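The exercises below ask you to read a protein model from its sheet pairing through to its cores. Please work through each task with the structure open, and then compare your reasoning with the solution.

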Amino acid sequence: MKDFQFDTTREQEKLENILKERKRRIAKQQVIFTLILLFIGVVLCLYIFRKVAYTELDGYVKIDVNRQRTPRDIFLSNINVEIGDYVLPGDTLYSYLYLDALLDQINLNKEPQVVSDDRNMRVRYGVSLQEVNVLRTRIRELERQIALEDHDISFGLSDNAHKLDLERLLKESREAYKAKLAEARLLREAWDATAEAARRSMYDINAPILLNELMTSAGRHTSMIHYRLATDTAIVIDIQMPENMIVLANEEIMKLQMLDLDKSNLYVIGYVPIDKMDKLNINSKAEVYVNDEVSFRAKVMTLAVRTSELPSNLQSAFSRNTMVPLAVFEIEGGQVVPFWALTADLPVSIRIPNIRFKRLEKEQKYIWFKTGEGLLDFSKEYLRQRREKRHMQQRAYETGRDFAVSQKPHSEVADTLQGSSLYHVHIACFKDGNEAEALVEKLRKQGYDRAKKIEAGAYSRVVVASCPTEAEAAALVREVRKTTKYKDACLWKQERK
């Protein structure tokens, strides 16, 4: 006990080390908790920003699928394609036999119509040949009698009256002979056709074929086989029937997805809750998200012209609004999108920006209807422009111009597709081109997307829109004078060079 000494310095160092370790641990925990709170705050801010800056809608891709059906009951013999095959116009999809033709082979109480027609034609042809032989014999007999009559006349035994009667009968007989001979030729041709059809039917009353024998040996009876051909370039996406199967009328055999998606009515359908109708209008643009990596641009084409029931997975247990308006979005051209992202009924998310730099007047947001009078003038003009644009696209497609991809303005398309004159809604003229461009930009912000500047000599003319016909331009001039401050708007006819 006398030798024990308490080393305060070492114990002090241990205590300091313990305190330092505890402080480091507390500091590390504080940093971790701070980062976690910061991450939660950033996520919360991003969520709030997305809710404030964007309106998100649920929707799906709408595209027509070519469903291969049969209008009559058939026996499906062979399927010549597989799922995923790329087919061209004229490629054979499948071969089949009409089921009624097969059933006629085993019905002992009913003869196929083509066999009956062949027998009737054969009988008619035989009767016609007999009539031809009778007329031929009659002609020879008349010729013999006329020769005898000439002999009697030469000896004064008979007068000329009987000879004239015989010659008249000879002419009539010869004409009847020609007619019957022509009829026999036609009947022969018709008999050959019915005989070939009867041969193809393979009907034999003395040796009827059982149904299962016909089906198993149908591949050898090529005359009974029909073929279904592809009508357009497509990809086989589904096959719903196996080979050697009876397919009833209107049952689906396979599905094809045409590669010309524009002809297949490609759109995006969005479910718009009623409380979000003020977030989009007839000119809204949107971003359609398929997943985190695939998205594409679209714009509203039709807004709330029909309603639909929300899918069960989108319905809320506390909401009674299960029927919502639908918005149809048209996909903008010039975008590269995976083919799988445009398949039918693919669910997508539609994001519409709430902050718009291009403000629209209230009357320009929707298609408006006035009770007792009908559509308002602006709505009529909007629908007319849409109709005209659709005709432009169709004409561009028929003439080989790539309208959908280039997305040319309406006026440029009118310039390339219409006649020798163009009619403009003219509102101002400037010597300074910059002032004209500033006015054009102002008009476009007000919703006149077709406004542009046209150089005419030393002046720059500003037009609200260009129309292919004088009547359309005059109607638009009246509309501009009525709804804007440009009361001096006038019609300007520009001759093409």
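**Exercise 1.** Find the residue of strand 9 that stands opposite A234, and then place the pair in its sheet.

*Solution.* In this predicted model, the residue of strand 9 that stands opposite A234 is M258. The next step is to look at the two strands as units: strand 7 covers residues 234-239 and strand 9 covers residues 252-258, and they pair in the antiparallel sense over five bridges. Stepping outwards, one finds an open sheet of four strands, with antiparallel pairing and the order 2-9-7-4. Its edges are strand 2 (66-69) and strand 4 (86-87), each of which pairs on one side only.

**Exercise 2.** Decide whether T194 is buried or exposed, and name its contacts beyond four places in sequence.

*Solution.* Begin with the location, since T194 lies in helix 4, which spans residues 161-201. Its relative accessibility is 16%, and because the cut-off for a buried residue is under 20%, T194 counts as buried. Once residues up to four places away in sequence are set aside, the residues that T194 touches are V114, D117, D118 and M121.

**Exercise 3.** Describe the largest nonpolar core, and follow one of its strands' contributions.

*Solution.* This core has 26 residues, and those that touch the most other members are V268, L280, F329 and I350. Two or more residues each come from strand 1 (54-62), strand 11 (285-289), strand 12 (295-309), strand 13 (323-331) and strand 14 (347-353). Strand 12 contributes the most, with four residues. A second core, separate from this one, holds 21 residues, among them Y423, A428, Y448 and V477. As background, nonpolar side chains in soluble globular proteins tend to be buried together.

**Exercise 4.** List the contacts of I350, leaving aside neighbours within four places in sequence.

*Solution.* Taking the contacts in sequence order, one meets T55, E56, L57 and G59, then V268, I269 and G270, then A286, E287 and V288, and finally F329. Two of these partners, V268 and F329, are named together with I350 among the core residues that touch the most other members.

**Exercise 5.** Summarise the protein as a whole: what are its secondary-structure counts, and what share of its residues is buried?

*Solution.* The protein contains ten helices and 20 strands, and 34% of its 497 residues count as buried. For the contacts between residues at least 6 apart in sequence, 72% join residues at least 24 apart. Finally, the exposed area is about 31,800 Å², of which carbon and sulfur atoms supply 54%.

Notes: Residues numbered from 1 in each chain as written. Predicted model: local features only at pLDDT ≥ 70, side-chain atom pairs only at ≥ 80, totals over all residues. Heavy atoms only, no water. Core = buried A, V, L, I, M, F, W, Y, C linked by side-chain atoms within 4.5 Å. Buried < 20%, exposed > 50% of the residue type's maximum accessible area, 1.4 Å probe, protein only. Contact = heavy atoms within 4.5 Å. Pairing = 2+ DSSP bridges. Areas by Shrake-Rupley, 256 points an atom, 1.4 Å probe, with all protein chains shown as cover.
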